[in-house]
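Reader: Please choose one part of this protein and take me through it closely. Then show me what else can be read from the model in the same way.

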Amino acid sequence: MEALTALARNGVFAALTGCMLLLSPAAAEEAADVATGTRLAELLRAARSVLSNYQSLINDPAVGDKHLDGERFTAEAIALYAKRTGGDLISNDLAARDHKLLQAQVDAMREVVDERQDDINRPGIGFKGFVPAVFARLMNEKFAAKAGNEALVRVTAPEVLVRNRKSLPDTWETRVINEVFSDPQRPKDDAYTEVTQVNGRPAFRMLLPEYYTESCLSCHGEPKGEIDVTGYPKEGGKAGDLGGAISIVLFK
């Protein structure tokens with residue numbers, strides 16, 4: 001589920017920044033929030049992709065030290081982010097809020113990988129259970145501890161697809177998934193944004209849909225009900241089906 005959003009795919013971060021100068025204050029604030037939310041989502045996606053690419057190495061029982069510590073991991077995630085979006089993760093013209101939040105994400109992913117070194121490097125054991133979904137949840141929890149007063153990031157999904165109750169969609173996310181993302185006339189990659197209340201505070205909310213790719217189907221594909229490598233029954237999904245969503249909250 002690593003498809004880029006239309007915003008990132010078209011590489012318009014710079015264009016957004018320039019356009020903000022021509023917008024009303026409210027419109028400029030919304031554009032800045034969209035750019036921030038997209039950056040956070042794309043860095044999360046890049047980090048998950050890096051972990052996905054290393055699954056065969058992580059799960060190789062014949063190899064002890066995988067030489068995959070947090071420093072190497074974050075460097076590769078940042079490089080992949082730059083390749084996908086066409087821009088550096090942290091640049092001199094980046095707003096202070098974005099710099100702080102992106103650095104919090106980088107620190108969170110580094111800490112998660114470093115804390116899992118015993119599992120990653122344990123010889124004689126195949127499947128370690130350190131899959132992208134688990135990594136993303138742990139990374140987002142650490143991010144919340146670092147930036148929870150300013151922002152939250154989480155991965156959720158339609159309720160029938162959620163495997164961990166911590167990832168169940170809230171009321172707002174459920175409405176967007178069921179009423180907005182289900183519209184066949186809506187461009188599939190478009191994010192949905194809204195200013196609303198979160199935990200009693202005004203906040204900008206952004207939900208970015210994610211769709212199954214072929215690499216997802218070994219766990220989430222067919223035959224439906226068959227137990228996958230993680231011990232869960234497969235959902236019977238097909239490539240292109242809505243499989244989840246990245247939820248961004250930026251507090252006002």
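**A loop and what surrounds it**

Author: Start with H67, which sits in the loop between helix 4 (55-58) and helix 5 (70-85). Keep in mind that this is a predicted model. The protein chain has an average pLDDT of 91, and 91% of the residues score at least 70. One stretch needs care: residues 1-12 have a pLDDT below 50. In the model this stretch still has 37 contacts beyond near neighbours in sequence. Where pLDDT is low, the predicted coordinates should not be read in detail.

Back to the loop. What is the sign of phi in H67? The angle is positive, near 55°, and the residue is not a glycine. Most residues other than glycine have a negative phi. Is H67 buried or exposed? Its relative accessible area is 56%, so H67 counts as exposed, the cut-off being over 50%.

Now look at N59, also placed in the loop between helix 4 and helix 5. N59 has a relative accessible area of 18%. Buried means under 20%, so N59 is buried. What does N59 touch? Leaving out residues up to four places away in sequence, N59 touches I125, G126, F127 and K128. With K128 there is a polar link: the N59 side chain reaches the backbone nitrogen of K128 at 2.9 Å. So this loop holds an exposed residue, H67, and a buried one, N59.

Move on into helix 5, on the other side of the loop from helix 4. Here E76 and R72 form a salt bridge, with the closest N and O atoms 3.2 Å apart. The two are four residues apart in helix 5, about one turn. Why does that spacing matter? An α-helix has 3.6 residues a turn, so residues three or four places apart point the same way. Both partners are partly exposed: E76 at 27% relative accessibility, R72 at 31%.

Other salt bridges reach further along the chain. D33 and R97 meet through their side chains, at 3.0 Å from N to O. D33 is in helix 3 (residues 25-53) and R97 in helix 6 (residues 96-115). They are 64 residues apart, and the pair links distant parts of the chain. D33 is buried at 3% relative accessibility, while R97 is partly exposed at 27%. Both also belong to a network of salt bridges, with E29, R39, D98 and K252. The model has 27 salt bridges in total. Another one joins K234 and E226, at 2.9 Å from N to O. K234 is buried at 11%; E226 is partly exposed at 37%.

Another loop repeats the phi story. N199 lies between strand 2 and strand 3. Its phi is positive, about 55°, although N199 is not a glycine. N199 is exposed, at 69% relative accessibility. A further loop, between helix 10 (217-220) and strand 4, holds P223. The peptide bond joining E222 and P223 is cis, with omega about 0°. Most peptide bonds are trans.

Finally, turn to helix 9. Which of its residues are buried? They are W172, E173, V176, I177 and V180, within residues 171-180. Down the axis, these buried residues fall within an arc of 130°, so they line one face of the helix. What do they pack against? Their partners are strand 1 (151-156), strand 2 (192-198), strand 3 (201-211) and strand 4 (242-251). T171 and E179 are exposed, on the face turned away from the buried side. At the start of helix 9, a side-chain oxygen of D170 comes to within 3.1 Å of the backbone nitrogen of W172.

One record helps to frame this. In an unreviewed entry, UniProt gives "domain: Tll0287-like" for residues 96-249. In the model that span is 35% helix and 21% strand, and its end C-alpha atoms lie 17 Å apart.

Definitions and conventions
Residues numbered from 1 in each chain as written. Predicted model: local features only at pLDDT ≥ 70, side-chain atom pairs only at ≥ 80, totals over all residues. Heavy atoms only, no water. pLDDT = per-residue confidence, 0-100. Contact = heavy atoms within 4.5 Å. Buried < 20%, exposed > 50% of the residue type's maximum accessible area, 1.4 Å probe, protein only. Arc of directions from axis to C-beta. Polar contact = N/O pair within 3.5 Å; in protein donor to acceptor, adjacent residues only side chain to side chain. UniProt positions renumbered as here; feature names shortened; annotations may be inferred. Salt bridge = Lys/Arg side-chain N within 4 Å of Asp/Glu carboxyl O.
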